[in-house]
Amino acid sequence: MCKVRLAALRDWFLTYVRSYYNEDPDIQLHMKQKEDHTLRVTAYCRQLAEHLGFSPRDAMLAELIGLFHDVGRFQQYTLYRTFDDRLSVNHAQLGLREIAGLEQLAAVLGDDREVFEIAILYHNAIRLPGGLSKRQELFCKLIRDADKLDIYYVLAPYLEPPTPAGYSSCFIEDLLSGKQSDFANLKTPDDRKLVRLNWIYDVNFSWTLQRIKERGYVEDILSYLPQNSDIAAVRGKLKAYMQAKTENI
């Protein structure tokens, strides 16, 4: 890791992204969105690593994971016109294939390389697999937190009022029980909002949760759902959960 030049890797990433710039306005919009998302996530990774007291070496590794976590998104959208892995390809796996022989990453070796690849591979998984080392799990949790924090920001402008289609009761039940939801049950736009709320239970660090709380992402989503007893119960549950998780920061 001592020979890794972060600036050179950042330059490589920006050059790579620009190779996907396109005269098609839809593709170009999505390329820029993912480029900007990646740079914000990279900054969050560094900030969170510093908050957690990482060594300079591990803080750099965290930053590298942030920089490369979504590198597969650019080819994915260009080829399939979607960011939905279920309708195209697993973008984490695609990204790792894209950078497998990257000369600028050759200095990331041994345990660092394994952590780097595992964190990218599982950053978009519904849940982490068993069998990870403590260090692997730590970096997986870090990138998953940084990614979620920015996805809340990215998706906020696209919130829309409740639709007549309503929502599926299973997502309310999951939110009230603190259980992760199964994406296979998604049926309506409001279901997607409820799943986004459910991500709160998969935020690993109080640092991240505090920023989600401060920026009002949860309350914003709740305000775009039907204002009934189900949503009132969800609001109370999430408010209490976040308060308990952040009160000692």
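Two salt bridges are counted between domain 1 and domain 2. One salt bridge joins the side chains of K148 and D202, with 2.9 Å from N to O. The model is predicted. Across the same interface of domain 1 and domain 2, eight residue pairs are found in polar contact, both residues of each pair being at pLDDT 80 or more.

On the side of domain 1 that touches domain 2, two elements give two or more residues each: α2 (25–51) and α7 (134–155). The largest share of that side comes from α7, with 11 residues. By residue class, the side of domain 1 that touches domain 2 holds 11 nonpolar, two polar and six charged residues.

The domain assignment of the protein chain places domain 1 at 1–155 and domain 2 at 160–245. The table lists values for this pair of domains.

| Item | Value |
|---|---|
| Distance between the C-alpha centres of domain 1 and domain 2 | 26 Å |
| Residues of domain 1 in contact with domain 2 | 19 residues |
| Residues of domain 2 in contact with domain 1 | 20 residues |
| Area buried between domain 1 and domain 2 | about 1900 Å² |

The size of an interface is often expressed as the accessible area lost when the parts come together. Of the area buried between domain 1 and domain 2, 65% lies on carbon and sulfur atoms. Which residues of domain 1 lose the most area to domain 2? They are D145, L149 and Y152, which together make up 37% of what the domain 1 side buries.

Note on methods
Residues numbered from 1 in each chain as written. Predicted model: local features only at pLDDT ≥ 70, side-chain atom pairs only at ≥ 80, totals over all residues. Heavy atoms only, no water. Domains from an automatic or database assignment. Contact = heavy atoms within 4.5 Å. Buried area = accessible area lost by both parts, 1.4 Å probe. Salt bridge = Lys/Arg side-chain N within 4 Å of Asp/Glu carboxyl O. Polar contact = N/O pair within 3.5 Å; in protein donor to acceptor, adjacent residues only side chain to side chain. Helix = DSSP H or I, 4+ residues; strand = E, 2+ residues; numbered from the N terminus. Nonpolar A, V, L, I, M, F, W, Y, C, P; charged D, E, K, R; others polar.
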